[in-house]
Amino acid sequence: MSDIVRTAEAEALTDFILAMFRANNLTLAWGDRLVAPLGLTSARWQILGAIVATERPQPVAWLARDLGASRQNIQRIVNDLVKEGMVVLAANPHHRRAQLVVLADKGRQTFDAVIRLYNPRINELSDGLSIEDVQTAHRVMSELRRKLEGEEDVEDDAGLRLGGNREQGSTSG
């Protein structure tokens, strides 16, 4: 047991993180059930959504960064989406090896079908939640993400200074 006592804020954040873990697992299972009729998983849906949200095609590493996921994991899912004809890889004029991920017509149609399933379900889930509470939760999660990304940057810098390598499964892309 540590001699360091948690502050009240740290206790509250710990409770929030534990609730977030549980909610994340339930959200992924909910998403998997929602998109299963379309042959998708939450992970594939998330990547299609990230592609749709970008202003222009991006390489896998950028998608991974935006999603806070490992490049290797995103690459594996993108490869699956390519095999299914939902995305195509295009030449990147700025980087010979980092191809751009482009949404194919089948991917756009599938994503649009997901949204038709999603909208009524998210309306049900949001029933009884105040906009203010949801916005506050979003701000807290965004700030937590910002701080955690800052810690990754510090770890990356330390690894580079010390000549160390991060694990293959890290979330940096």
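pLDDT is the predictor's confidence in each residue, from 0 to 100. The structure described here is a predicted model, and its protein chain averages a pLDDT of 88. Among the elements of the chain, helix H5 (residues 105-126) has the highest mean pLDDT, at 98, and helix H6 (residues 131-162) the lowest, at 80. The points below cover confidence, the aromatic cluster, the nonpolar core, the sheet, the salt bridges and the surroundings of Arg-145.

**Confidence in the model**

- A pLDDT of at least 70 is reached by 87% of the residues.
- Over residues 160-173 the pLDDT falls below 50. This stretch nevertheless has 17 contacts in the model beyond near neighbours in sequence.
- Where pLDDT is low, the predicted coordinates should not be read in detail.

**Aromatic cluster**

- The model contains 2 aromatic pairs. The ring centres of Trp-30 and Tyr-118 lie 6.1 Å apart with the planes at 65 degrees, and this pair is therefore edge-to-face. Planes over 60 degrees apart count as edge-to-face.
- Trp-30 belongs to helix H1 (residues 8-35) and Tyr-118 to helix H5; with their positions 88 residues apart, the pair links distant parts of the chain.
- Trp-30 is buried, at a relative accessible area of 14%, whereas Tyr-118 is partly exposed, at 24%.
- Tyr-118 also pairs with Trp-45: the ring centres are 5.6 Å apart and the planes stand at 70 degrees, so this pair too is edge-to-face.
- Distant parts of the chain are again linked, since Trp-45 lies in helix H2 (residues 42-53) and Tyr-118 in helix H5, 73 residues apart.
- Trp-45 counts as buried because its relative accessibility is 15%, and the cut-off for buried is under 20%.
- Through these ring pairs, Trp-30, Trp-45 and Tyr-118 form a cluster.

**Nonpolar core**

- The largest nonpolar core comprises 22 residues, of which Trp-45 and Ile-74 touch the most other members.
- At least two residues of this core come from each of H1, H2, helix H3 (60-67), helix H4 (71-83) and H5. H2 gives the most, with 5 residues.
- Beyond its neighbours within four places in sequence, Trp-45 is in contact with Trp-30, Gly-31, Leu-34, Val-35, Leu-40, Phe-111, Val-114 and Tyr-118.
- In soluble globular proteins, nonpolar side chains tend to be buried together.

**Sheet**

- An open sheet is formed by 3 strands in the order S1-S3-S2, with antiparallel pairing.
- Strand S1 (58-59) and strand S2 (87-90) are the edge strands, each pairing on one side only.
- The antiparallel pairing of S1 with strand S3 (residues 100-103) runs over 2 bridges. Val-101 in S3 is the bridge partner of Gln-58.

**Salt bridges**

- The structure holds 9 salt bridges. Side chains of opposite charge can pair when their charged atoms come close.
- Arg-6 and Glu-11 form one of them, with their closest N and O atoms 3.2 Å apart. Glu-11 is partly exposed, at 36% relative accessibility.
- A salt bridge also joins the side chains of Arg-146 and Glu-143, at 2.5 Å from N to O. These two residues are separated by about one helical turn, because they stand 3 residues apart in helix H6.
- Arg-146, at 49% relative accessibility, counts as partly exposed, and Glu-143 is likewise partly exposed, at 33%.
- A network of salt bridges links Arg-44, Arg-76, Asp-80 and Glu-84.

**Surroundings of Arg-145**

- Arg-145 lies in helix H6 and is partly exposed, with a relative accessible area of 38%.
- Apart from its neighbours within four places in sequence, Arg-145 is in contact with Arg-65, Asp-66, Leu-67 and Gly-68.
- The C-alpha atoms of Arg-145 and Gly-68 are 8.9 Å apart, although the two residues are separated by 77 residues along the chain.
- Among these contacts of Arg-145 are Arg-65 and Asp-66, whose side chains meet in a salt bridge with an N to O distance of 3.0 Å.
- Arg-65 is partly exposed, at a relative accessible area of 47%, and Asp-66 is partly exposed at 34%.

Key
Residues numbered from 1 in each chain as written. Heavy atoms only, no water. Helix = DSSP H or I, 4+ residues; strand = E, 2+ residues; numbered from the N terminus. Contact = heavy atoms within 4.5 Å. Buried < 20%, exposed > 50% of the residue type's maximum accessible area, 1.4 Å probe, protein only. Phe/Tyr/Trp six-rings, centres within 6.5 Å; stacked < 30°, edge-to-face > 60°. Core = buried A, V, L, I, M, F, W, Y, C linked by side-chain atoms within 4.5 Å. Pairing = 2+ DSSP bridges. Salt bridge = Lys/Arg side-chain N within 4 Å of Asp/Glu carboxyl O.
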